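User: I am new to this structure. Please show it to me, and then let me ask how its labels are earned.

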Amino acid sequence: MNIELRPQPRPGVMDIDAYVPGKSAAPAGVARVHKLSSNENPLGASPAAIEAAKAAAERMEFYPDGAARRLREAIAETHGLNVANIMCFNGSDEALALLTRIYVGQGDEGIYTEHGFLAYKIYIQSVGATPVAARESAETANVDAILAALTPRTRIVFLANPNNPTGTYLPIDEVRRLHAALPGNVLLVIDAAYAEYVRRNDYEAGVELVSGSGNVVMTRTFSKVHGLGGARIGWIYAPAAIVDALERVRDPFNVNAIAIEAGVAAMRDRGHVERSVAHNGRWLGWVTAELGRLGLRVTPSVGNFILIHFPDAAKHSAALADEYLSARGFILRRVTAYGFPNALRMTIGSEDANRGVVAALAEFLKA
Ligand SMILES: *Cc1c(COP(=O)(O)O)cnc(C)c1O
């Protein structure tokens, strides 16, 4: 046997920088930890969803409904959508990965934006394709730059709207302009993970674009406003032909039975969603204004998080701010991998957490 011989990952796999999730622990000795690093809901999950998950745990010996029929019906009713065009996944990440696997191959290209969600780049590289980053303007996706990045090899365009970690968004007219200029064989994936939080008249998540064309998919998640990140549920709204392709390659039981029940209850609890959005709206404005008063630049966000930019001065860098905040129990997100070496992303948290971060940063900047 040739000892040099070993299984080799497909080309491109070893070029991938693995996704690094937000930290969840503070240094030893910190009494109270506020995790503001993964855009989780500070109000938690709906109490109805927690009850439903507990009840489902009593029946764990049974396989789930592989079609997640009740969950898809709950989504269809709540959002006024056609149930046949809805598919559920083990987090929307699973949908993003499978769409790439189906529509993009070796030697193809996939476009994402300069400061776009990094999972896109990883999924494009995973299939041996070339990730192409389109320039942004003012930390916002730029339609002309995306169109300029198109080549005959482009197979997919990922647009997070709103984007993470910037919190910026494209008005629906701009998304329509992008779609209208894409060749029909290029898949446009609109990742609307934060859609519920957006309060802007010129924003739409993309439902009508999906309905009116064959090459647009909208992805959504239960991980953010519904507070079910740990349960792993994402869903998509997609044309029938794309649903058909996904149905052939997905795991037969990709959404587990406990997640299905939690998801049905969460989707029906509109009050919890409204309270979560109202809490976020109030504190997003407050934190943004307070940090501005401290002299910190904050990228204008429509999501449940903000990108805080630190001064270039060495003693007030993002790295030092991160250490300072962690030592006081406030866990934020470093975003160097997103092209922001001197910024931190902060999830809008509970009142205590928000006030605590602002007070701690005021002290940090004085020091
Ligand atoms: C959090 C997030 C998701 C959600 O991923 P899940 O796998 O559903 O938890 C998707 N896209 C973006 C841009 C996100 O920030």
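What follows is a set of questions about labels and the values behind them.

Analyst: This is a predicted model, in which local features need pLDDT of at least 70, side-chain atom pairs count only at pLDDT 80 or more, and totals for chains, interfaces and linings use all residues. Residues are numbered from 1 along each chain as its sequence is written, and side-chain values use heavy atoms, with hydrogens and water left out.

User: Why is Asn-280 called buried?

Analyst: Buried means under 20% relative accessible area, exposed over 50%, and partly exposed in between, with a 1.4 Å probe and protein chains only. Asn-280 has a relative accessible area of 5%, so it counts as buried.

User: Where is Asn-280 placed, and which residues does Asn-280 touch?

Analyst: Asn-280 sits in helix 10. Helices are DSSP runs of H or I with at least four residues, strands are runs of E with at least two, and both are numbered from the N terminus. Contact means heavy atoms within 4.5 Å. Leaving out residues up to four places away in sequence, Asn-280 touches Tyr-197, Gly-303, Asn-304 and Ile-348.

User: What makes the link from the side chain of Asn-280 to Gly-303 a polar contact?

Analyst: A polar contact is a pair of N or O atoms within 3.5 Å; within protein, one must be able to donate a hydrogen and the other to accept it, and residues adjacent in sequence count only if both atoms are side-chain atoms. The side chain of Asn-280 reaches the backbone oxygen of Gly-303 at 2.9 Å. That distance is within the cut-off, so the pair fits the distance rule.

User: How do you know that strand 12 and strand 15 pair?

Analyst: Two strands pair if DSSP finds at least two bridges between them. Strand 12 (residues 305-309) and strand 15 (residues 340-347) have five bridges, in the antiparallel sense, so they pair. Phe-305 stands opposite Thr-347 in strand 15.

User: Which sheet holds these strands, and what is its order?

Analyst: The strands belong to an open sheet of four, ordered 11-12-15-14, with antiparallel pairing. Strand 11 (297-299) and strand 14 (333-335) are at the edges. Each has a single partner strand, so one side of each is left without a neighbour in the sheet. Neighbouring strands are turned by 35 degrees against each other on average, direction ignored. Axes are lines fitted to C-alpha atoms, for helices over the stretch in contact, and angles run from 0 to 180 degrees between N-to-C directions. Helix 10 (residues 270-293) packs on this sheet and touches strand 11, strand 12 and strand 15. The direction of helix 10 makes about 5 degrees with that of strand 12.

User: Why are strand 2 and strand 4 called edges of the other sheet?

Analyst: That open sheet has seven strands in the order 2-10-9-8-7-3-4, with mixed pairing. Strand 2 and strand 4 (130-134) each have a single partner strand, so one side of each has no neighbour in the sheet. Four bridges join strand 2 to strand 10 (residues 234-237), and the two run antiparallel. Cys-88 stands opposite Trp-235 in strand 10.

User: Which residues surround the ligand?

Analyst: A residue is near a molecule or strand if one of its heavy atoms lies within 4 Å of it. The residues around the ligand include Asp-93, Phe-117, Ser-223, Lys-224 and Arg-232.

User: How do you know that Ser-223 and Lys-224 have polar atoms within reach of the ligand?

Analyst: An N or O atom in the side chain of Ser-223 is 2.6 Å from an oxygen atom of the ligand. For Lys-224 the value is 3.2 Å. A polar side-chain atom of Arg-232 lies 2.6 Å from an oxygen atom of the ligand. The protein covers 93% of the 390 Å² of accessible area that the ligand has on its own. Such areas come from the Shrake-Rupley method with a 1.4 Å probe; for residues, only the protein chains shown count as cover.

User: What makes Pro-183 partly exposed?

Analyst: Pro-183 has a relative accessible area of 36%, which lies between the two cut-offs, so it is partly exposed. Pro-183 is in the loop between helix 6 (172-181) and strand 8 (187-191).

User: What is notable about phi of Asn-39?

Analyst: Most residues other than glycine have a negative phi. Phi of Asn-39 is near 55 degrees, a positive value. Asn-39 counts as buried, at 0% relative accessibility.
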